[in-house]
Amino acid sequence: MFDLESTTQRRHAPEPDLVPILDGLTAVIFFMLLSISFIGMTKLTIPPSTSSVASVSNDVPISGRVIAQLEGDSINVKLEWLGNKPGAWAEKAERKQPTERNLGLIEAVEKLAIRFKEKFPEEKTIQIALASKLNYQELISVMDGLRKNELYADLVLSSYTEAD
Amino acid sequence: MLDFEGDKKRSNVIILQLAPMIDVFVLIIVFLIKGTIMEESAVLKPEGLNLAQSMSKETSLVAPQVIITNDKVQFKMIDAERPIAEFTEDNFNPRDPVFAAFKKYIAETKDVENANHINVISDRSMSYKTVYHVVKVLRISGFQSMLFVAEGEGQ
């Protein structure tokens, strides 16, 4: 009689349904995994303090400038600079229709930019002045030549009056 | 006897288990929602405008737009436009209401990222002179950086 009662009690013991709980937990794990974003902690190191005597520089700024001028059916690209020893280099490129990229112009500007970078590696900015009749496609091509291989990131537009 | 056989057949009917199916669909929905990238389109190319070609592989930024077509200049951020003739010479009216609108726009969006940059979208045949005058007006108004939009190699 005692045995029979205990068997009946065991049969009525509550059994939690584990399957939906596991499904729910899997969904939560997926949600959390996809929500995680990893951010690298930055380390800030402050260098030891030093003192130095500042001297007034008489150097004239370099101010590199690319000037593109129209010469008949071709474009004359000039790169000039000021500084204590001003100078200029020039290249020529054939003019093309605005429907296509002017690879000749890009190469000419790139050549000048590489030489300028070798001569003045500290210079980060360069100015651009195009003749008033040159078009937007040619402006983009000049910028392409200067920005190719990350030569110059900061470009400043100058007035067309400097090129006309 | 016949009834008994019928009961036996009914007990063998396949029952569709909905609970695991719903679980799996919930998982897929969560996966799809989390995998979706919501991004504002940086540049909307107007019809009839031919963009310049570029070798640059840089992607465009979401910034206010100025569109230079063959007949007008559209300042999308202040919902204004001016005829192109006003930009062919260096004589844009300094009292034009667009200057006040630009200042108001810059003041209102000072905390918004790239709000003081401008996406300049111009037709490829537009003269440098006109582009320069438009850029000059924007620079005087207080916009800091001009992003010239062109079609890249991979686009």
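Trainee: What percentage of the 155 residues in chain B do buried residues make up?

Mentor: Keep in mind that this is a predicted model, where local features need pLDDT of at least 70, side-chain atom pairs count only at pLDDT 80 or more, and totals for chains, interfaces and linings use all residues. Residues are numbered from 1 along each chain as its sequence is written, with chains lettered from A and ligands numbered from 1 in the order in which they are written. A residue is buried if 20 or more other C-beta atoms, placed from the backbone, lie within 10 Å of its own. By that count, the buried share of chain B's 155 residues is 23%.

Trainee: In what order do the elements of chain B run from the N terminus?

Mentor: Helices (H or I, at least four residues) and strands (E, at least two) are DSSP runs, numbered from the N terminus. Chain B has four helices and five strands. Written out from the N terminus, they go α-α-β-β-β-α-β-α-β.

Trainee: Over to chain A: which are the edge strands of the open sheet?

Mentor: Strands pair if DSSP finds at least two bridges between them. The sheet has five strands with mixed pairing, ordered β3-β2-β1-β4-β5. Those that pair on one side only are β3 (87–94) and β5 (154–157) of chain A.

Trainee: And which residue stands opposite A:I67 in β4(A)?

Mentor: Look at β1 (residues 65–71) and β4 (residues 125–130) of chain A, which pair in the parallel sense over four bridges. There, the partner facing A:I67 is A:A129.

How values were computed
Buried ≥ 20, exposed ≤ 12 C-beta atoms within 10 Å, placed from the backbone.
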